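User: Got a minute to go through this model with me? I'd like to start with the internal space.

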Amino acid sequence: MSSSTLNVLDLKQEKIRLLHLSWFAFFLSFVVWFNFAPMLSSIKEAFDLTNQQVKALMILNVALTIPARVVIGMLVDRFGPRIVYSALLVSGGIVCVAFAFANSYEAIAMLRFLMGFIGAGFVIGIRLVGEWFPARQVGLAEGVYGGWGNFGSAAAAMALPTLALYFGGPDGWRYAIASTGVVASLYGVFFYWRARNTPKGSTYFKPKKSGGLVVSSKRDLVFYIVMCVPMYLALATLTWKLSPANLGMLNGTASMALYVVLAILFVVQISQILRVNSDVLNNVPIPEMQQYKFKQVAILNVAYFVTFGSELAVVSMLPLFFMETFELTAVAAGMLASGFAFMNLVARPGGGYLSDKFGRRKSLSILIAGLAAGYMVLSTIDSSWTIWVAVVATMCCSFFVQAGEGAVFAIVPLVKRSMTGQIAGMTGAYGNVGAVIFLTVLSFVSASNFFLVIAACAAFIFIAVQFMEEPQGHTAEVNDDGSVALIEVS
């Protein structure tokens, strides 16, 4: 049995070199995805934008990521991580450069919408790292991949203003943003040259059908379809935010057209799901060794909804919360709030390590319980608190949030190897769904009640996690020649 320890400095091991190649690809995808946030004041000035237009840009930046993660998951399972990651980085870099030199609000809005696709890069590495590391190490390896890669958003916030000053002039922001796109594209080429989908001698298992997850029973099929609904509700919520009823960035006709498009896409996706599950519908028995329980996927989805979903939402609101609660400057509030994201470097690998060491369900249960308690504490913060105590409480809460994310993706590669990309895509999409829902809640309630809503969701999801089954023994995949390969998952 492989040791659960992992020496990330042992570059003599091919799998360690692959891990570093992967997390840096994810890191760059997040730098590019979040490169406009630290430049917002310059962009606002250059295009003379209203506050409503800025809010619309922020929504557009994340809107496409929900469907993109599902689509990218399917592409990864079918074509392999190497070519998909390379293509995403190169194309994302090109769109980024086009955004940097666009000259109208309509152009930057459309390009920012397209940039949401690069936010799906995370999904690709989950399958890739899962291929290279055994079950006893996969949690920690996925945690390093996710935690260090996630730091790209913080790195963009820290480095880009300085880079813009270095380039200087009114267009310094353009060159700073464009430079991240150029680096991403070049790294995409390098990644294609250096990465491999599997270790030598290993088979890259692909799903026999593409277009959706193949499930094991009619009951699971209904469950799967039901779990697709929240993703479309989140996209409908984003449309509502841009509609005349809210930000007013879309007219009534455009809003209605988007609702119709979402309805059509939902019907198309359901028809694809029914198509790939024709054997289940026609009562064709699925060999027991190839079966898996969809409830495992559903529980991972909702766990990521409350972990990564709450992280995205809290990172968005925390600087303003600190600024208003403690009457701080924007710079000071931003620095204090950044502690929430900084915890990713150790918390996410820590969650993966705990999952490897002490069991998948137990670790996820403890971390989600800690997350619920953490948000309950945050709901009590007010101006009577000492600032440093509030910051410590925030960072303690963020540890449980991000360690929980690590624990979720310590399990994803162990459910069904040939469909890991799709499972990771759906789970990742649920993180964005959580962010949309929680931020929508925040627009109606106080910050204190916002934290309480997250805590209440976490309490329900804690109960759901108790129904998850600990991965045991082996899962089975079928080779092209019909022989069966067993993959260790415990």
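User: Which residues line the largest cavity?

Analyst: This is a predicted model. In it, the largest cavity is lined by V70, M74, G212, L213, Y224, M231, Q269, Q422 and M426.

User: And which elements give two or more residues to that lining?

Analyst: Those are α4 (65-79), α11 (218-242) and α20 (420-442).

User: What's the lining like by class?

Analyst: Six residues are nonpolar and three are polar. None is charged.

User: How much space is in there?

Analyst: The largest cavity holds about 70 Å³.

User: How many cavities of 30 Å³ or more are there?

Analyst: One.

User: OK, pockets. How much space lies in the second largest one?

Analyst: About 880 Å³.

User: Which residues are closest to its centre?

Analyst: The second largest pocket has 30 lining residues, and L64, P67, F113, L262 and L265 are the closest to its centre.

User: Which elements supply two or more residues there?

Analyst: For the second largest pocket, α3 (51-63), α4, α6 (105-115), α11 and α12 (252-276) do. Note that α4 and α11 also give two or more residues to the lining of the largest cavity.

User: Which element gives the largest share of the pocket lining?

Analyst: That's α12, with seven residues.

User: How do the pocket residues divide into nonpolar, polar and charged?

Analyst: The lining of the second largest pocket has 25 nonpolar residues, four polar and one charged.

User: Zooming out. How many helices and strands does the protein have?

Analyst: There are 21 helices and two strands. The radius of gyration is 22 Å, and the globule rule gives 23 Å for 490 residues, so the protein is as compact as a globular protein of that length.

User: What box do the C-alpha atoms fill?

Analyst: Roughly 65 × 50 × 45 Å, along the principal axes.

User: What share of the residues is buried?

Analyst: Buried residues are 55% of the 490.

User: What does UniProt annotate for residues 15-473?

Analyst: The unreviewed UniProt entry labels that span "domain: Major facilitator superfamily (MFS) profile". In the model, residues 15-473 are 77% helix and 0% strand. The C-alpha atoms at the two ends of the span lie 23 Å apart.

User: Now the strands. In which sense do β1 and β2 pair?

Analyst: Antiparallel, over five bridges. Strand β1 covers residues 474-478, and β2 covers 484-488. T475 stands opposite I487 in β2.

User: Where do the β2 side chains point?

Analyst: They alternate. A485 and I487 point to one face and are buried. V484, L486 and E488 point to the other face and are not buried.

User: What about the hairpin, which residue takes a positive phi there?

Analyst: G482, with phi near 95°. The hairpin has five residues between its strands.

User: Which residues other than glycine have a positive phi? Start with D48.

Analyst: D48 has a phi of about 50°. D48 sits in the loop between α2 (40-47) and α3.

User: Is D48 buried or exposed?

Analyst: Exposed, with a relative accessible area of 66%.

User: And what is phi of N283?

Analyst: Near 60°, again a positive value in a residue other than glycine. N283 is in the loop between α13 (278-281) and α14 (294-326). N283 is exposed, with a relative accessible area of 57%.

How values were computed:
Residues numbered from 1 in each chain as written. Predicted model: local features only at pLDDT ≥ 70, side-chain atom pairs only at ≥ 80, totals over all residues. Heavy atoms only, no water. 1 Å grid on protein atoms, 1.4 Å probe; cavity = no way out; pocket = protein on both sides within 12 Å on 5 of 7 lines; lining within 4 Å. Points joined across faces, edges and corners; volume = space filled by probe spheres on them. Helix = DSSP H or I, 4+ residues; strand = E, 2+ residues; numbered from the N terminus. Nonpolar A, V, L, I, M, F, W, Y, C, P; charged D, E, K, R; others polar. UniProt positions renumbered as here; feature names shortened; annotations may be inferred. Buried < 20%, exposed > 50% of the residue type's maximum accessible area, 1.4 Å probe, protein only. Pairing = 2+ DSSP bridges. Rg over C-alpha atoms; globule rule 2.2 N^0.38 Å.
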